[in-house]
Structure formats: structure tokens, C-alpha cells
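Reader: I have a fold to go through and would enjoy some company. Could we take it question by question?

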Amino acid sequence: MDDFNISILVPAFVAGLIVLSTHISLGREVIRRGIIFIDLTIAQIAGLGVIIAYSFGWDERGFEAQMFAIISALTGAWILSLLEKKAGKHQEALIGIGFILAATAGILMLANNPHAGEHLRELLVGQILWVEWHQLFYAALISSLVLFVWNVFRQSIGSTGFYMLFACAITVTVQLVGVYLVFASLIIPALATVDIKEKYVTLVAGVIGVTGYGLGLLISALLDLPSGAVIVWCIAMMALIIKLIASQMITFK
């Protein structure tokens, strides 16, 4: 590992820590509510906002794109919060439909763009290796605010508040690591720890996520493989290992 690789891997790993800081807690709430695909949908809607900004000629990492992303995500979250009250058992299906509509809308908007494939790949797989420190500062600030509101006002914000908070967290992280890693960071650690004692949950989920990001970045650097995809697999493998260990330990049951 030379200095060049380290200079890339360190901010990428910090990006992973920022993502996990909010997604471990929010992922548990997603599992509890049974709305597994909400993160994919809101992430895709936020990405659609970036595509809209890009179609107007604005920098996809600029202020206008950020505004379009957050407005799109908050609008989508508000609509999904309304569906929760009206859709009942069909809510998850409607969330999935929302994902498909947002995804295909993005494809249609980029249909005549010669770089469409690159943009769609970046949205899904992310560019975690190319995050910059100023992006991390912004992401850390928003994530800290999300954590504060969630930990202090969790019992009083209601479903609509949760959806809005969730949208803010997803909008920030999807632009750091992509849709796939956002989903993996939210769902895999949360699902792997559903049967673990409450006092161990955050610690064990953190071990799964942090180890997954660390190993994934190292393996992708050593083997020259796409980092996002490798990290997803490493998180999944760590979750499986932890699940197997936990099933054998009475203290974790």
C-alpha cells in the first residue's frame, strides 16, 4: 500500500464511518416498521433530483444539485409518509413502485446523454474512492444533526418526522457512496442484529459495518476491483459471520 492508495482510502473509510453513524440506528427503525425498500426509493428520488439539476446544465456536485436532491427526497418522503397512513399492507409494494418510477425517470432524462451510463453507474455504485474532505465535512455536519434530532426527539417526531429525517440522511449519503452501499449499510447490520440483546445491538452492528468497509476498501485496492461492490459483499460476509457466532453465544440471545 503506497502513499497514493492511503490518501484515497482514508477519506473513503471516513465516508463509510459517516454513513454508518446514522444508518445503523435508522436501519433498525426501517426493519421495525417493515419498510425495507424505503431507502432504495428515497435514494433513487434524491438521485433523480441530481439528474434534473444536471439536465439544466448545473454541476452535479454543486449547490443547485444539492438543493434539487434534498427537495426531491423530502417530497418523496412526504408522499411515502402519506401512503403509510392510507396504504396499509400494500405500503411496501407502493414503495417499490416509487423506486421503479424514479429509476426509469432518471433513465428517460439521460436517454440522449452520451455519458448516461457513467452517471447511472455512479448513482448506483457510487464513487467512494473519490470523495473529498470538504464533502465529508458537509456530510458529517448533516449526519450529526440527524443523529441529534433522532436521539433527542425520536418519540415525538412521529412517522412524518421520521420520513423527513430519513430523507435528509439518505440524500447526503447516497451522493457519497451510491444507492447500493446505502442499502447495504442500512439493512444488513440491522437485519443481522435483530435477535441480539438490545445493549449489544449498536456495538455489533457497528463492528459489522466498520469491518465491512475496512476490508472492502483494502481488498478492492489490492485486487483493483470496484470498491462499492466489494464493500457490499464484505458487509454481508461479516454479518453472516457475526450471525453464526451470535447463535452460539447464550449471552447474545
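Reader: In which helix does Ile 235 lie?

Author: Happy to start there. This is a predicted model, where local features need pLDDT of at least 70, side-chain atom pairs count only at pLDDT 80 or more, and totals for chains, interfaces and linings use all residues. Residues are numbered from 1 along each chain as its sequence is written, and side-chain values use heavy atoms, with hydrogens and water left out. Helices are DSSP runs of H or I with at least four residues, strands are runs of E with at least two, and both are numbered from the N terminus; by that rule, the helix that holds Ile 235 is α10.

Reader: Is Ile 235 buried or exposed?

Author: Buried means under 20% relative accessible area, exposed means over 50%, and partly exposed is in between, using a 1.4 Å probe and protein chains only. Ile 235 has a relative accessibility of 0%, so it counts as buried.

Reader: Which residue is 50 residues from Ile 235 in sequence and 7.8 Å from it in space?

Author: Contact means heavy atoms within 4.5 Å. Leaving aside neighbours within four places in sequence, Ile 235 is in contact with residues including Leu 181, Ile 188, Ile 208 and Tyr 213. The 7.8 Å is a C-alpha to C-alpha distance, and the partner at that distance is Ser 185.

Reader: How many helices and strands does the protein chain have?

Author: Reading along the sequence gives the pattern α-α-α-α-α-α-α-α-α-α. The count is therefore ten helices and zero strands.

Reader: What share of the contacts with a separation of 6 or more comes from residues 24 or more positions apart?

Author: Some background on the chain first: buried residues make up 45% of its 253 residues. For the contacts with a separation of 6 or more, the share from residues 24 or more positions apart is 77%.

Reader: Which element gives the largest share of the largest nonpolar core?

Author: A nonpolar core is a set of buried Ala, Val, Leu, Ile, Met, Phe, Trp, Tyr and Cys residues joined through side-chain atoms within 4.5 Å. The largest one has 56 residues, and those with the most contacts inside it are Ile 38, Ile 42, Phe 166 and Tyr 213. Elements giving two or more residues to this core include α1, α2 (38-55), α3 (63-87) and α6 (133-153). The largest share, eleven residues, comes from α7.

Reader: How many of the 18 residues of α2 are buried?

Author: From its first C-alpha to its last, α2 reaches 25 Å, close to the 26 Å expected at 1.5 Å a residue (the expected span is 1.5 Å times one less than the number of residues). The helix is mostly covered, and the number of buried residues is 15.

Reader: Which residue is 59 residues from Ile 51 in sequence and 7.8 Å from it in space?

Author: Ile 51 has its place in helix α2 and is buried, at 9% relative accessible area. Its partner lies in the loop between α4 (91-109) and α5 (116-125) and is also buried, at 3%. Measuring aside, the computed C-alpha to C-alpha distance of 7.8 Å is to Leu 110.

Reader: Which residues does Ser 72 touch, not counting those up to four places away in sequence?

Author: Ser 72 has its place in helix α3. With a relative accessible area of 16%, Ser 72 is buried. The residues it touches are Ile 45 and Gly 49.

Reader: Which residue's backbone oxygen lies 3.4 Å from a polar atom of the side chain of Thr 22?

Author: Thr 22 is in helix α1 (residues 3-33) and counts as buried at 1% relative accessibility. Beyond its neighbours within four places in sequence, Thr 22 is in contact with Ser 143, Val 146, Leu 147 and Ala 169. The backbone oxygen at 3.4 Å belongs to Val 19.

Reader: What is the phi of Asp 224, and where is this residue found?

Author: Asp 224 is exposed, with 70% relative accessibility. It is found in the loop between α9 (198-223) and α10 (227-247). Although Asp 224 is not a glycine, its phi is positive, at about 55°.

Reader: How many disulfides does a search of the whole structure find?

Author: A disulfide is a pair of cysteine sulfur atoms within 2.5 Å. Cys 168 is partly exposed at 24% relative accessibility, whereas Cys 234 is buried at 11%. The number of disulfides found is zero.

Definitions and conventions: A polar contact is a pair of N or O atoms within 3.5 Å; within protein, one must be able to donate a hydrogen and the other to accept it, and residues adjacent in sequence count only if both atoms are side-chain atoms.
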